[in-house]
Structures are given as structure tokens and as C-alpha cells.
Amino acid sequence: MLCWLLCTCLILANHGLAQEPPAIAYRVEITPRDDTALVSAIEAVSQLIRLEETAPTDAYGLLARARADLPRLAEALRAEGFWGGAARIEIAGQDVTQAETSPPTADPARPLPVAVILTPGPRYRIGQILIKAEPAEEDALLEQAAGGLRLAEGDPARPADILAAEEALRLALRRAGYPLASLAAREAVVDHDTKLMDITWRIAPGPPADFARPSVAGTTRTDPALLTRLAARRLEGQPYSPERLERARRAMMGLGVFSFVRAQEAPALDEAGRLPVHFDVQERPRHVVGGRLGYETNYGLTAGGYWEDRNMLGGAERLRLEGEIARIGETGIENATFRAFATLRTPEFMGRDLQSVTQIGAVRERLRAYDRDAALASFTLEHRLSDTMAVAGGPNYEEGRIGRDGDMEAFRLFGLMGSFRYDNTTNPLDPRQGQRFSLSATPYYSAMDANSFTRILAIGTSYFDILGNGDSVLALRAALGSAPGANRDEITLDKRFYAGGGGSVRGYTYQSIGPRDAANRPLGGASLVEASVEWRQRLTRSLGIAAFVDAGSVGEEAKPDFEKLRAGTGLGLRYLTAIGPLRFDVGLPLDRQKDDPTFAIYIGFGQAF
């Protein structure tokens, strides 16, 4: 019995596993290779090439794989405009299209040669382009919309380019106020004698339309009337425009309450001939906590945290309570700087396109330049002029004591702030292209000594993506400040200008650049000049480096002083995360003064500027 079982197993092995055909190694070669775009297209669609290393096959499988590739190669030729081209595949010199072709015989010593032989012929070109409307009386509109077609006679007859031009035409009509524009028909005629493709589009523009009053759904705590009012102000009665609709969607996202906002256009106009639009929203968790850490060798450790209610009363009001302790370790915890603030942001203030920002807080600062204990309050109204521009303004009040060496004097300041902000960058923590500019001016009145002055500060940054892939970025920053209306000694110590430290001129002690007193402490000034150049280079997906040069000066007069610039330089390391870079910078002062360090280290989250 045992012998019979053993023999049975041997027979099964001989007729089963032993008969399994061996996998064949092969190598694919494309000829000719002079058209890199065509070769790339062939490589993208060929299963022979894509499965060459990852999915070994036997002789029959290789032959089937090659034959299945032929229609894909023909499609790739047409995709590159070679409508009369051809391709064949040979395995070890045998044309796979021949019926008598037998499965190849493998030589274990070397891979089988597989040749993809292209005969592209001449590339076909676009011939006549006709755009017709249905009904025909709309032809004049189509001629206007065709200005953005991006396809012209003589261009390569690539299907992808034709479809892109078709979509551009439809988008141009939508931007012209025709939300229901569609393609009625497309006729593409290839003439193999002239090697030209004539294209006729028949477009149904549909009627022009304005937006109807939008509707909103998906809210759980947020008042839907607030959202409807916000969207209606931007849409209702306005001519249809995809950009206008996107701005309304972003305005809802800008409330900070929603994880997503999706806009849906109705497939037809309403009875009044207007286009209904519906917004679906999803609210974020109501409460959030967060914090930050920073470190400078000449400034110490900074730690801060906040708690925020994103929708306090259902009107997208955001209440944030935050605190910070800084200069930990430089002079001991007892002489650290403390800040605590409560900020309430209310959108749609009094039913208008305004956001109110109410802030109250207290600070205790112990710096080399001054000591300050103060209570602060401000009320600001902000208005967005566009997606990239905003203006703000409002009163502020400060009261407390300020001075040096324990000689503290009472102060009381009334201010009226006005600002303008422009920002077309896409990532606040790691900008790679675009510009930022801010200008603020705040007239102050000092109630204690009846002095007045105006503090003006302009800051601009530019980012240049040198290679276009975000790996090499040139970042530039400049700041200019002035405080006309009083001499320096009449300006409250904390409202003077200072330079030096992280985010200013790296390598120098915080606030150390500029005039100093007999004890070598900063006096501040009535003007400021700063400039920075930084090269940011990504090395791998998660690592990057930076090289920078910073410079700055603080002048005693309100007229900026460009002659006493002090410069610093250094290198930095960036660990790139999904939300922004972790920054490690080492700065060296090039114009050291008394007590200036030989270097400074800065650790923080986000780029320096």
C-alpha cells in the first residue's frame, strides 16, 4: 500500500509540477528612438515593457502579451499625431502577427530579444478648424470664445490637444456667462493624402444667465441664513462666472468652520431664467487646541498654546484664548516674558461683508531694551477686496508701565490702525512662488505727555520657483519703517523700531542692532531698514537646506538710514513635513559689536519668512 501511494505521488509530480512551462526572461528594445515623446508614449502603454521585470511569463504568455500590445501601440502613434503610422513586434526575429509564428524557445543563458519597430511616417497636422453654433445665430459668440482655443492650423493633430481645446472652448463660453454650454457634435476628418485633420465643432451655448439665490445644506450648528447671505451677496443677480462661484465657495471656507464646501450647479435654469446653485458643507470639530515651540541661543525658549471655539454662537464666531512664555532660560523663568490674549472674530459684522476682530490681552515683557507691563484692547474691522487683497482698520488702546532697571513710568496710548495686505502665495508656512506685501500705519496719541507720532511699517516678500518644481526657491524680503511726528526719545520704548534676531537679522541678539546706551543696551530708533536673501534647496522628499544673508539698520531719525546696515549670514536645515518645514538655522553676525555672539541658532516651524 505504501509503495502504491509513493508511485502515485511520483506520477502526479511528473504530470503536474514537472510539466509547468518555465518563465522566459526577455528584453524590449524600441526602434527608432529619435522622437522622445513618441517613445515615452509607447513605454507608457506597452504591457511588454511595464511587466518585463514584475510579471514573468512563459513562451505562450509572451507571445500573447506581444500581440495584445499591437492595438495599444497604434493608439500611442495616433496620440502623438502619427495617424498613418504603424508598429510591429518581433520576438527573436519572428513577426508576432504571422499566424505561423510559434512560441519562442528560451535560452537560459540570455534574455530573448523583443523588438518594437515603429514606422511613424510624417506627423499629421491640424487643417481647417470650424466652430459652429446651434442655433446658428450664436456664431458670433463662438468666434469671440475661440480666442482662447490654444489650437491652430499647422499644430500636431494630437487627440489630447484636440480634447483640451474643446474643453477650453466650453470653459470660455462658461466664463462669458453661458453656464449650460455643451458640445453638440465633433467631426474630425483625416486626409491621408495631405496629412491634415480638419475639425468641425458644433457647440450649443445655451442661454446666458445670472445666478439665482443660492441654497445651503449640511450645517449642524452654523446658522444657514448666515451662509446664504454670504453666498447671495457674491452671486445672486450677478452674471454667471465659474470664477465668481469659486470665490463664493472660498469665502465660506474662509470662515474656518468647515472641513469642505462643495458647490453644485443645477442642470437647468429656473423659471426666471437664472441658474440655481447649491452648496453642501461639512462642519469641522467645534473646539481645537494647539501650540508652538521655538528656540534661539541668544533669546531662549519660547512656548505657546491656544484653545479655540470655532463656532461659539452658531454664527461662525471664533473665540481664541492663547498664552505664551518667552525668553525661558536666558535670564531665568522669573524674568521671562508672558503674553495672554483673548480674540473674538465675528464674520458678517452687522450683516455686511466685514469681519470684526475684538482683542483684549495683557503682557509682561522683560527685554534688554525695556521692561513693560501693560493691558491692551483693540477693535478692528477687516474687509477682503479680493482673494489676494484685504484692508483693515480700527482703534486700539494700551495702558501700563514701561521703563528700565525698575524705573517704570505710566503710559496711556490711543491709536487708530489702518492696514493693507496683499498675498498671492499658496502655502503660508512654505511659500514657493508669489508675493506678499503689507502696509500698516498707526497714529498714536500719548495721553500722559500729550505727544503724538505715527508708526508706519511696510514689509514685502517675493518667492521665485527657479526650476518650476518647487525644489529650488529664491526668497527675498524687505522691510521699511518710519515713525514721523516725534523724535526718538518721545516715542514710547515699545513702539520704537528694533532689528536683530530670528525673522529679522539672524546671527544678532534680539533687538540688538541700532543705537545703544552707555550700558550697551538697545535704545531703538525712529526708522527701520531690513533686507534678506535666502536660497532654499530641496535635497530629498523630506530634507532641504537653506543659505541666507540678512541685513538691517535702525536709525535715530524718522528718515530710514541705509548707511549703517549690519549683515549676518548662515546656513539652515529643513525637515519637510506635510504641513510645513521644521527649521534649524545657524546665523553668523558679520559686523559684531560689543557683547554680540559669535553665532546664533534658531529652531522653529515654518520658513523664516
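This is a guided tour of a predicted model, with a suggestion at each stop of what to select next.

**First stop: a sheet of four strands**

Begin by selecting strands E1, E4, E2 and E3, which lie in that order in an open sheet whose pairing is mixed. Strand E1 (26–31) and strand E3 (94–95) stand at the edges, and each has a single partner strand, so one side of each is left without a neighbour in the sheet. Now keep E3 selected and add strand E2, residues 86–91, and you will have two strands that pair in the antiparallel sense over two bridges. Within this pairing, look for Glu90, which stands opposite Asp95 in E3. Next add helix H4, residues 59–79, which packs on the sheet and touches E1, E2 and strand E4 (112–119), while its direction makes about 160° with that of E2.

**Second stop: a sheet of three strands**

Move on to strands E5, E7 and E6, an open sheet in that order, again with mixed pairing. Here the edges are taken by strand E5 (125–133) and strand E6 (182–191), and since each has a single partner strand, one side of each is left without a neighbour in the sheet. If you turn the view to follow the strands one after another, the twist averages 15° from one strand to the next. Select E6 together with strand E7, residues 196–204, and you have an antiparallel pair joined over nine bridges; among the residues to pick out is Ala188, whose bridge partner in E7 is Ile199. Which helix lies across E5, E6 and E7? Select residues 159–175 to find helix H6, which runs at about 25° to E7.

**Third stop: aromatic rings**

A search of the whole structure finds five aromatic pairs, and two of them are visited here. Show the side chains of Tyr370 and Tyr498, whose ring centres are 6.1 Å apart and whose planes are at 50°, so the pair is tilted. Tyr370 lies in the loop between strand E15 (355–366) and strand E16 (371–384), and Tyr498 lies in the loop between strand E21 (472–482) and strand E22 (527–538), so the pair ties together parts that are 128 residues apart in sequence. Are these two residues buried or exposed? Both Tyr370 and Tyr498 are buried.

Then select Tyr397 and Phe414, where the ring centres are 5.1 Å apart and the planes are at 50°, so this pair is tilted. Tyr397 belongs to strand E17 (residues 389–404) and Phe414 to strand E18 (residues 407–423), and the pair links distant parts of the chain, 17 residues apart. Tyr397 is partly exposed, with a relative accessible area of 25%, and Phe414 is partly exposed as well, with a value of 41%.

**Fourth stop: charges over rings**

Select Arg320 and Tyr306, and you will find the charged end of Arg320 over the ring of Tyr306, 3.8 Å from its centre. A further example is Arg536, whose charged end sits over the ring of Phe609, 5.1 Å from the ring centre.

**Last stop: Thr598**

Finish at Thr598, in the loop between strand E25 (581–589) and strand E26 (600–605), where this residue is partly exposed, with a relative accessible area of 49%. Leaving aside neighbours within four places in sequence, Thr598 is in contact with Leu588, Pro589 and Arg592. Finally, add Pro156, which is 442 residues from Thr598 along the chain, and draw a line between the two C-alpha atoms, which are separated by 62 Å.

How values were computed
Residues numbered from 1 in each chain as written. Predicted model: local features only at pLDDT ≥ 70, side-chain atom pairs only at ≥ 80, totals over all residues. Heavy atoms only, no water. Pairing = 2+ DSSP bridges. Contact = heavy atoms within 4.5 Å. Axes fitted to C-alpha atoms, helices over the stretch in contact; angles between N-to-C directions. Phe/Tyr/Trp six-rings, centres within 6.5 Å; stacked < 30°, edge-to-face > 60°. Buried < 20%, exposed > 50% of the residue type's maximum accessible area, 1.4 Å probe, protein only. Lys NZ or Arg CZ within 6 Å of the ring centre and 35° of its normal.
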